[in-house]
Amino acid sequence: MIRFTVYKDAGNRYKGFKCEGHAQYSDAGSDIVCAAVSVLVQNTVNSIEKFTEDTVQCGSDDGLIIASFPKAPGRDAKLLMDSLVFGMEQIAENYNDFVDIEIEEV
């Protein structure tokens with residue numbers, strides 16, 4: 001199962017996220033759930049870095065990616081994060097046995 005955790009502060013501002021695990025929806029190389037989640041996560045991080053003034057610190061390992069904002073993200077990065085969360089919610093809605101989403105206050 002993929003566990004996607006979004007971290008927000010008490011003011012509801014994004015602090016970062018963690019995405020870990022494998023969907024195991026299908027065999028490696030043909031797992032559409034893993035592919036969808038990977039594309040959303042990687043595209044969000046890359047888009048924040050390319051199209052906004054914000055900085056996102058990111059680390060990854062097999063089946064794990066952790067991203068954090070050193071300071072509260074601006075409007076554009078927030079919109080990209082909102083889009084990431086919306087996309088993940090859509091995937092989880094359709095593949096709820098394979099993706100779990102949690103919002104955690106830090």
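A residue is called partly exposed when its relative accessible area falls between 20%, under which it is buried, and 50%, over which it is exposed. With that scale in hand, D82 can be placed straight away: its relative accessible area is 28%, so D82 is partly exposed. The same scale serves for the other side chains discussed below. The model examined here is a predicted one.

It helps to begin with the overall layout. The protein contains two helices and five strands, and from the N terminus these elements follow the order β-β-α-β-β-α-β. The C-alpha trace extends about 40 × 25 × 20 Å along its principal axes. For 106 residues, a compact globule would have a radius of gyration near 13 Å, and the protein agrees with this at 13 Å. Buried residues account for 35% of the 106 residues. Among contacts with a separation of 6 or more, 56% join residues 24 or more positions apart.

The interior comes next. In soluble globular proteins, nonpolar side chains tend to be buried together. Here the largest nonpolar core has 25 residues, of which F4, F17, V37, V41 and V99 touch the most other members. At least two residues of this core come from each of strand 1, strand 2, helix 1, strand 4 (64-68) and helix 2. Helix 2 makes the largest contribution, with seven residues. V99 offers a good view of the surroundings: leaving aside residues up to four places away in sequence, V99 touches M1, I2, V33, V37, M88, I91 and A92.

Two of the core residues just named, F4 and F17, also meet ring to ring. The structure holds three aromatic pairs, and F4 with F17 is one of them, a tilted pair with 5.6 Å from centre to centre and 40° between the planes. Why does this pair tie together parts that are 13 residues apart in sequence? F4 belongs to strand 1 (residues 2-8) whereas F17 belongs to strand 2 (residues 14-20), so their pairing bridges that separation. Relative accessibility is 1% for F4, which therefore counts as buried. F17 likewise counts as buried, because its relative accessibility is 1%.

A further aromatic pair brings Y25 and F98 together in an edge-to-face arrangement, with centres 5.1 Å apart and planes at 85°. Distant parts of the chain are linked by this pair: Y25 lies in the loop between strand 2 and helix 1 (32-51), while F98 lies in the loop between helix 2 (75-94) and strand 5 (99-105), 73 residues apart. Y25 counts as partly exposed at 37% relative accessibility, and F98 counts as partly exposed at 22%. Through ring pairs, Y25, Y95 and F98 are joined into a cluster.

Charged groups complete the picture. K8 places its charged end over the ring of Y14, at 4.6 Å from the ring centre. Side chains of opposite charge can pair when their charged atoms come close. Four salt bridges are present in the structure. In one of them, D9 pairs with R13, and the closest N and O atoms are 3.0 Å apart. The partners in this bridge have contrasting surroundings. D9 counts as buried at 14% relative accessibility, whereas R13, at 43%, counts as partly exposed.

Another salt bridge joins the side chains of K18 and E20, with 3.5 Å from N to O. K18 has a relative accessible area of 22% and is therefore partly exposed. E20, at 28% relative accessibility, also counts as partly exposed.

The residue that opened this account, D82, takes part in a salt bridge as well. Its partner is K78, and the closest N and O atoms are 2.8 Å apart. Where do D82 and K78 lie with respect to one another in helix 2? They are four residues apart in that helix, so about one helical turn separates D82 and K78. K78 has a relative accessible area of 39%, which means that K78 is partly exposed.

Key
Residues are numbered from 1 along each chain as its sequence is written. This is a predicted model: local features need pLDDT of at least 70, side-chain atom pairs count only at pLDDT 80 or more; totals for chains, interfaces and linings use all residues. Side-chain values use heavy atoms; hydrogens and water are left out. Rings of Phe, Tyr and Trp (its six-membered ring) pair if their centres lie within 6.5 Å; planes under 30 degrees apart count as stacked, over 60 as edge-to-face and the rest as tilted. Buried means under 20% relative accessible area, exposed over 50%, partly exposed in between (1.4 Å probe, protein chains only). A charge sits over a ring if NZ of Lys or CZ of Arg is within 6 Å of the ring centre and within 35 degrees of the ring normal. A nonpolar core is a set of buried Ala, Val, Leu, Ile, Met, Phe, Trp, Tyr and Cys residues joined through side-chain atoms within 4.5 Å. Contact means heavy atoms within 4.5 Å. The radius of gyration is taken over C-alpha atoms; the globule rule is 2.2 Å times the number of residues to the power 0.38.
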